[in-house]
Amino acid sequence: MNILVLGTGYVGTTTALALSEMGWHVTGLDMDSHKVQQLLQGKLHFYEPGLEPLLQKHLQSDNITFTTQADRSIQVSEIIFICVGTPPLPDGSADLHYVKQAARDIGRNMNGYKLIIIKSTVPIGTQEKMTEWVRSAQRQSHPFDIVSNPEFLREGKALSDALHPDRIVIGATNEQAAAAVQNLYLSLKCPVVITTPRNAELIKYAANAFLAMKISFINEMARLCDKVGINIKEVAQGIGLDPRIGNRFLQAGIGYGGSCFPKDVAALLSIAAEHGTELKLLKEVVSINETQHLHLMHSARTRLGNFMGTKIAVLGLAFKPDTDDIRESSAIRIVRALMAEGAQVAVHDPVAKLPPDVNDAAIICSSPSQALENADAVFLCTEWTIYQQLDWVHAKQLMKRTNIFDGRNVLDAKKMAELGYFYQGVGYR
Ligand code: NAD
C-alpha cells in the first residue's frame, strides 16, 4: 500500500521518513520542484538532526520517493497525509488556501476510495470544510474519509518525537477510519486519543497555547525578579518540582518564537473572536511575548548608556537550538532593535541565516570568536551548546567591553562574574 505525504516541509518530510521507518512505502509530493530535487538527491532543504541519514537510507532501499506530480501520485495512493503550511493571515487567522488547494487536487484526481489525514494545524471545523472542498472538486463520485491527526513534533527533536510521540490524537467521524489511522501507527507505543475531528483540531491549538502561556508566565515572573533582585532560575526550580506544575517550559528568556506558538496562539484568538468570545489570558500571553526581548534590551541600554556607535555580538539567530528556523525568532527581533538604535551588529549562528532585509546591514561571522572581536557587548539569543561551552576566558580578550546579556539564562552568572564579566540574564544575574 502506498502512502502519499502532500507537502514536504518540516512536518511532511519528517512524517514521510517516520512512516518509512515504520515500514510503509511513502511518496512525498511537493509543488516546489527545488525541494523535491534536493530530497531525491538525499539532501534535506532544512536543518534537522538525524533526518538526512534516514532519508538516504530509505531512498536507497526504495521505501521513499518524491515527486511534483499531483495527479499520478494521488491516483496510486489510498492514504494521503496533508502536511501543507497554514501560515497566519494579517488578522492572525490561519490561511487555509494551501489546504483548500490540496483538497481540490485530491478531489480532482480521485479514482477510488481515499483516506485523507490532516496533519496541518487547522481551525475548528476545517475537516468539515475539507469534506466539501474534496466533494465539489470530484469529477466522479468516490468515497473518502477525512481524519484529523494533529502533529505535535518539536523542531530540533522532530525525528525522535515522530517515532516516540507522547500521544497520538485521531479525530474521525467513523470507527473504521479511526482504526485505519491507528493501524498506521501500530508499531508506536503511546496512548491514542480517539475523538471527533473538532476536538482534535482544538487539542492541537490548546496544547500550543498552554505551552506558550507557561513561557509567558515565567517570563513575567522574571521581569519581577529583575526588579526585586531575585533569581528566577531558583524560583522556577522551586515551583517546577510540584508535579502539578512540572519543570518544563519554565526557562525564562527573551520569549518564544518559531513557526507554531506565535501563529497558533494568534489563530486561536481569531477562532474565539469569530465565535464571539475573547480569550483574555491568551491576549496577555502574546503581549508579554512580543515585548519580552525589550526587557533585556532595556537592561543592556541601562548598562551601556545607549547603543549608538556600539558593536554588539549576537550569538544565535534560530528560534531555538538544533534548527535553522528563524520564523518569529526573538533573536531576529533583537538584531532589528539593536540596528534601529544605531548599533553595528555582528551575528553568528551554526546553521540559521538572517532574513534578506537585514542581512546586508549586519556583519555575518563564521565563528563566535569573530563576532566577539572588539564587541562592546554580547547578546546570547539561542542556547546552542557551542555558546554554552565557549572559552569565555579567551572571549574576554577579544571583546572591547566585557558585557554579557544572556537571553536564555544558560551561562553561569557567578562564574561569568568571577571571570570579570558584567553578566545579566533575564531575571537572573
Ligand atoms: P512548511 O511551510 O515547511 O511546508 C509546507 C510544504 O507544503 C511546502 O514545502 C509547500 O511547498 C508544500 N505545499 C503547499 N501546498 C501544496 C500543494 N497543494 N501541493 C504540494 N505541496 C504543497 O510547513 P511546516 O512547518 O512543515 O508545517 C506544516 C503544517 O504543520 C502547518 O500547519 C504547521 O502549523 C503544522 N505543524 C508544524 C510544526 C513545525 O514544527 N514546523 C509542528 C507541528 C505542526
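This text walks through the ligand site, one pocket and the aromatic rings of a predicted model.

The ligand is a convenient place to start. It is surrounded by 26 residues, and the closest of them are Asp30, Lys35, Thr86, Glu155 and Lys263. Lys263 also has a polar side-chain atom 2.6 Å from an oxygen atom of the ligand. In the case of Arg327, an N or O atom of the side chain lies 3.3 Å from a ligand oxygen atom. Tyr10 takes part through its backbone, where a polar atom is 3.1 Å from an oxygen atom of the ligand.

Next comes a pocket. Rolling a probe the size of a water molecule over the atoms shows where empty space is left. The second largest pocket has a volume of about 350 Å³. Its lining consists of 17 residues, of which Asp226, Lys227, His295, Ser299 and Gln424 are the closest to the centre. Helix 9 (197-228), helix 12 (280-304) and strand 14 (422-424) each contribute at least two residues to this lining. Helix 12 gives the largest share, with 5 residues. By type, the lining of the second largest pocket holds 8 polar, 5 charged and 4 nonpolar residues.

The aromatic rings come last. Across the whole structure there are 8 aromatic pairs, and one aromatic cluster is made up of Phe249, Tyr256 and Phe261. Charged side chains also sit over rings. The charged end of Arg303 is placed over the ring of Phe422, 4.0 Å from the centre of that ring. Lys233 lies over the face of Tyr428, at 4.4 Å from the ring centre.

How values were computed
Residues are numbered from 1 along each chain as its sequence is written. This is a predicted model: local features need pLDDT of at least 70, side-chain atom pairs count only at pLDDT 80 or more; totals for chains, interfaces and linings use all residues. Side-chain values use heavy atoms; hydrogens and water are left out. On a 1 Å grid over the protein atoms alone, a cavity is a set of points where a 1.4 Å probe fits but cannot get out, and a pocket is an open set with protein on both sides within 12 Å along at least five of seven lines; lining residues have an atom within 4 Å of a point. Grid points are joined across faces, edges and corners, and a volume is the space filled by probe spheres set on the points. Helices (H or I, at least four residues) and strands (E, at least two) are DSSP runs, numbered from the N terminus. Ala, Val, Leu, Ile, Met, Phe, Trp, Tyr, Cys and Pro count as nonpolar, Asp, Glu, Lys and Arg as charged, and the others, Gly among them, as polar. Rings of Phe, Tyr and Trp (its six-membered ring) pair if their centres lie within 6.5 Å; planes under 30 degrees apart count as stacked, over 60 as edge-to-face and the rest as tilted. A charge sits over a ring if NZ of Lys or CZ of Arg is within 6 Å of the ring centre and within 35 degrees of the ring normal. A residue is near a molecule or strand if one of its heavy atoms lies within 4 Å of it. A polar contact is a pair of N or O atoms within 3.5 Å; within protein, one must be able to donate a hydrogen and the other to accept it, and residues adjacent in sequence count only if both atoms are side-chain atoms.
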